[in-house]
Amino acid sequence: MASGLVRIALECDKKQGEDAVRLLEEQSWRAYCNGKKCGFAGRKECGAKEWKLLNALEPISMGAGVMPSYGEGERTEIMYMRAKFERIVGSRDSEAFYMLNPDSNGAPELSIYLLRV
């Protein structure tokens with residue numbers, strides 16, 4: 001992000017003949033970063049480890065850093081970024097989240113787009 005804007009697009013397919021789910025409840029996504037396909041993403045429910053990490057980050061209002069994490073027998077590090085995002089709903093098949101830096105000119109540094117095609 002230090003080199004400029006980052007745009008992440010997550011695409012999923014419209015399912016014909018099934019009950020429609022909310023866009024944020026889709027299970028699997030194709031992932032693109034700055035227009036280049038970079039793999040896939042999936043929805044994951046929070047377990048006990050995730051809730052413990054989220055509770056540790058609760059007092060942090062904004063910023064990025066590294067937290068120690070103790071896994072099974074080894075010590076690892078988890079990078080985090082906490083920021084305020086503006087949510088824009090285009091339709092039931094498109095949403096966008098823009099991270100705005102309060103110190104900059106109002107342009108988003110990170111944009112995340114969710115699309116159902």
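Two residues are said to be in contact when heavy atoms lie within 4.5 Å. In this predicted model, contacts of that kind give a first view of how the chain folds back on itself. Among the contacts in the chain with a separation of 6 or more, 36% are made by residues 24 or more positions apart.

The overall make-up of the chain comes next. It contains one helix and eight strands, and a walk along the sequence meets them in the pattern β-β-β-α-β-β-β-β-β. Three strands thus precede the helix in this pattern, and five follow. The C-alpha trace spans about 45 × 40 × 25 Å along its principal axes.

A good place to look more closely is the pair formed by strand β2 (residues 28–33) and strand β3 (residues 36–42). These two strands run antiparallel and are joined by six bridges. One residue of the pairing is easy to pick out: W29 has A41 in β3 as its bridge partner. Together β2 and β3 make a hairpin, with two residues between them. In the turn sits N34, whose phi is positive, at about 50 degrees. As a general point, side chains in a regular strand alternate between the two faces of the sheet.

The surface completes the picture. The chain has 117 residues, and 20% of them count as buried. Its accessible surface comes to about 8800 Å², with 54% of this belonging to carbon and sulfur atoms. As for charge, there are 17 positive and 17 negative side chains. The centres of these two sets lie 2 Å apart.

Note on methods. Residues numbered from 1 in each chain as written. Predicted model: local features only at pLDDT ≥ 70, side-chain atom pairs only at ≥ 80, totals over all residues. Heavy atoms only, no water. Pairing = 2+ DSSP bridges. Helix = DSSP H or I, 4+ residues; strand = E, 2+ residues; numbered from the N terminus. Buried < 20%, exposed > 50% of the residue type's maximum accessible area, 1.4 Å probe, protein only. Areas by Shrake-Rupley, 256 points an atom, 1.4 Å probe, with all protein chains shown as cover. Lys, Arg positive; Asp, Glu negative; His and termini not counted. Charge placed at Lys NZ, Arg CZ, Asp CG, Glu CD.
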